[in-house]
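This report walks through one protein chain, beginning with the whole and then turning to a few chosen residues. Please keep the sequence and the structure in view while reading.

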Amino acid sequence: MDASTHFRLYAERRARLASQLGPGGIAIVPTALERPRNRDTDFLYRHDSYFYYLSGFTEPQAWLLITAEGRTTLFCQPKDLEREIWDGIRLGPEAAPAALGVDEAFAVTELDQRLPRLLENRAVVWFPFATHTGLEGRIDGWLQKVRARVRYGALCPETQRDLCTLLDEMRLVKDAHELDIMRRASKISARAHIRAMQRSAAMLRAGQDVREYHLDAELLHEFRQGGSQYPAYGSIVAAGANACILHYRADAAPIRDGELVLIDAGCELDGYASDITRTFPANGRFTGPQRAVYELVLASQDAAVAATRAGARFVDPHEATVRVLSQGLLDLGLLDKAKVGTVDDVIANRHYFQFYMHRTGHWLGMDVHDCGSYVEPSEVGKVSERKDPLSGETIKDRPSRVLRPGMVLTIEPGLYIRPADGVPERFWNIGIRIEDDAVVTESGCELITRDVPVDPDAIESLMRG
């Protein structure tokens with residue numbers, strides 16, 4: 001993005017936020033801390049998403065203050081020739097106003113000195129609740145200094161409010177700039193999945209020892225080759241029975257001829273995540289039972305995609321998925337009709353939960369599990385209660401979010417079949433998930449991750465290449 005577009009985009013976001021702070025409001029937004037990995041080295045630094053959304057600034061040790069009048073103050077690391085030799089060039093407070101469009105900037109070393117004065121005579125302090133350890137304590141310390149000046153006529157803010165409630169709503173609907181980045185991230189991730197599929201089949205054909213980490217390496221190579229800064233999350237490369245572990249991580253297990261491989265992986269590009277899952281035969285050829293389960297999961301995803309459109313509810317794709325999977329579990333004999341009844345009985349009593357125990361999707365954006373309420377804000381007061389048939393726990397149901405154009409969510413049904421009494425042995429240890437990223441449109445949704453195929457015939461053809 002050119003400098004003028006950068007300047008305008010983040011300035012507009014800050015202005016939108018400022019307009020919601022109310023009379024006398026002020027927002028405090030810190031970026032993420034640097035985290036030690038061991039001794040004198042840190043984990044690779046990643047900015048805080050809220051902070052970046054409002055600033056486009058990626059350096060650590062930075063804070064934003066935004067007032068209801070629209071004035072923005074940045075605190076950042078000062079220029080320091082010695083530290084910059086070791087750690088990299090800093091923007092510095094002198095250059096920040098022109099580079100970022102903020103009104104003023106100071107060295108972060110002046111934060112504790114200046115914050116009490118900036119909070120004086122303000123009515124409401126907004127900050128992200130429960131996201132930064134110790135933040136509430138620091139704000140309390142600054143407010144104590146404001147109270148110490150009441151004898152001089154200073155007024156102390158009487159209200160503290162959660163800034164996440166405002167920023168979550170802003171971030172939930174993506175603008176054209178965000179969608180462009182997410183489409184590019186999806187293309188990089190799709191190429192990585194293709195590369196891993198083809199590598200698996202090629203190594204097995206060559207008689208080589210194939211491990212999960214070999215395919216993980218292919219993913220990482222393609223992410224960086226495409227310009228991605230890092231993975232959006234720890235990649236899942238699960239061979240055979242490992243695919244039945246939902247949050248399995250790529251490790252050293254062998255990838256065997258005749259087994260399936262489940263890869264859940266996506267890159268992060270310019271602060272935005274992609275999230276793709278594909279399941280494929282390690283050797284490039286599905287067995288009969290594998291294909292039967294795969295086609296059922298794919299049919300359930302098709303149903304979820306058809307249910308994803310503006311005006312629908314967030315829960316609609318999940319309910320469509322559950323109905324298709326429940327009927328398929330009966331048809332394949334994974335659930336015994338004599339014991340569980342009809343498809344409606346399976347759904348009502350959650351008999352499918354043995355094989356499908358997660359939701360069909362989540363919001364996607366700067367964070368792979370992005371922010372945003374799953375309850376429709378205008379209907380949050382409408383509550384009904386029901387008893388969960390499995391746990392017996394009382395659950396409070398509120399109306400699900402109404403989908404709007406520009407929202408982005410994943411659609412990721414799956415089936416995970418562990419050995420168990422009553423489960424036909426030919427299906428044991430088959431774990432399948434198919435996940436795509438969907439942009440909600442007026443008439444349906446745009447799947448931005450289909451550069452890597454989902455059709456089983458197309459997968460087999462791809463892996464022969």
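## The chain as a whole

Helices (H or I, at least four residues) and strands (E, at least two) are DSSP runs, numbered from the N terminus. Counted in this way, the protein chain has 14 helices and 21 strands. Its radius of gyration, which is taken over C-alpha atoms, is 25 Å, close to the 23 Å that the globule rule (2.2 Å times the number of residues to the power 0.38) gives for 465 residues, so the chain is as compact as a globular protein of that length. The model is a predicted one, in which local features need pLDDT of at least 70 and side-chain atom pairs count only at pLDDT 80 or more, while totals for chains, interfaces and linings use all residues. Residues are numbered from 1 along each chain as its sequence is written, and side-chain values use heavy atoms, with hydrogens and water left out.

Along its principal axes, the C-alpha trace spans about 80 × 55 × 45 Å. Buried residues, meaning those under 20% relative accessible area (exposed is over 50%, partly exposed in between, with a 1.4 Å probe and protein chains only), make up 52% of the 465 residues. If a contact is defined as heavy atoms within 4.5 Å, then residues 24 or more positions apart account for 70% of the contacts with a separation of 6 or more.

## Y272 and the loop before its strand

Y272 lies in strand β13, which covers residues 272-273, and this residue counts as buried because its relative accessibility is 2%. Leaving aside residues up to four places away in sequence, Y272 touches R13, Y53, E178, I181, M182, A185, C267, G365 and M366. One of these, A185, is 87 residues from Y272 in sequence, yet the two are 7.5 Å apart in space, C-alpha to C-alpha. With E178, the side chain of Y272 forms a polar contact of 2.7 Å; such a contact is a pair of N or O atoms within 3.5 Å, where, within protein, one must be able to donate a hydrogen and the other to accept it, and residues adjacent in sequence count only if both atoms are side-chain atoms.

D270 is found in the loop between β12 (267-269) and β13. Its phi is near 50 degrees, a positive value in a residue other than glycine, and with a relative accessible area of 30% D270 is partly exposed.

## D370, a buried acid in a loop

Is D370, in the loop between α13 (343-348) and β15 (384-387), buried or exposed? D370 counts as buried, because its relative accessibility is 5%. The side chain of D370 makes a polar contact of 2.8 Å with the side chain of R171, and a polar atom of the D370 side chain also lies 3.1 Å from the backbone nitrogen of D367. Beyond four places in sequence, the residues that D370 touches are R171, K174, W363, L364 and G365.

## C76 and its neighbour Q61

C76 is part of strand β5 (residues 72-76) and is buried, with a relative accessible area of 0%. Among the residues that C76 touches are F57, Q61, G92, P93 and F106. Q61 itself sits in the loop between α2 (49-55) and β4 (63-67), where its phi is near 55 degrees, a positive value in a residue other than glycine. Unlike the buried C76, Q61 is partly exposed, with a relative accessible area of 39%.
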